[in-house]
Amino acid sequence: TSLLAGPSEVVEALVDRLSVADDCSNFNDLPSIGFVVGGHTLTLEPEDYVSQHKGTCRLGVMSLDVPPPRGPLFIFGDPFLRK
């Protein structure tokens with residue numbers, strides 16, 4: 001997938017904290033975000049987690065609620081594979 005996917009509560013927190021402007025006006029002010037996996041921090045820059053197209057920006061995350069025992073889980077997708 002070209003998006004990051006994770007539990008709704010985590011995705012909603014990311015959406016709220018990052019507050020990506022639809023018109024990309026705050027793109028240069030967005031932070032790096034990191035995920036700790038197996039003791040290693042996987043870091044994404046704004047260009048990795050925000051889609052830009054024709055002057056608009058969209059945060060590339062989606063909710064994916066998988067119940068126990070298989071979940072919760074994250075799918076890191078293309079943003080991490082490209083790094």
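**Exercise 1. Find which backbone atoms the side chain of Asn26 reaches, and place this residue in the chain.**

Solution. In this predicted model, the side chain of Asn26 reaches the backbone nitrogen of Ala21 at 2.9 Å. The side chain of Asn26 also reaches the backbone oxygen of Ser19, at 2.8 Å. A polar contact needs N or O atoms within 3.5 Å, and the distances to Ala21 and to Ser19 can be checked against that cut-off. As for its place, Asn26 sits in the loop between α1 (8-18) and β2 (33-37). Setting aside neighbours within four places in sequence, the residues in contact with Asn26 are Leu18, Ser19, Val20 and Ala21.

**Exercise 2. Decide whether Asn26 is buried or exposed.**

Solution. The relative accessibility of Asn26 is 17%. Buried means under 20%. Asn26 therefore counts as buried.

**Exercise 3. State how many disulfides the structure has, and describe the cysteines that form the pair.**

Solution. Searching the whole structure gives one disulfide. Its partners are Cys24 and Cys57, with sulfur atoms 2.0 Å apart. The pair links distant parts of the chain: Cys24 belongs to the loop between α1 and β2, while Cys57 belongs to strand β5 (residues 56-59), and 33 residues separate them. Next, apply the cut-off for buried residues, under 20%. Cys24 has a relative accessible area of 18%, so Cys24 is buried. Cys57 is at 6% and therefore counts as buried.

**Exercise 4. Determine the handedness of the disulfide of Cys24 and Cys57 from its torsion.**

Solution. The torsion about the S-S bond is about 110 degrees, so the disulfide of Cys24 and Cys57 is right-handed.

Definitions and conventions. Residues are numbered from 1 along each chain as its sequence is written. This is a predicted model: local features need pLDDT of at least 70, side-chain atom pairs count only at pLDDT 80 or more; totals for chains, interfaces and linings use all residues. Side-chain values use heavy atoms; hydrogens and water are left out. Helices (H or I, at least four residues) and strands (E, at least two) are DSSP runs, numbered from the N terminus. Buried means under 20% relative accessible area, exposed over 50%, partly exposed in between (1.4 Å probe, protein chains only). A polar contact is a pair of N or O atoms within 3.5 Å; within protein, one must be able to donate a hydrogen and the other to accept it, and residues adjacent in sequence count only if both atoms are side-chain atoms. Contact means heavy atoms within 4.5 Å. A disulfide is a pair of cysteine sulfur atoms within 2.5 Å.
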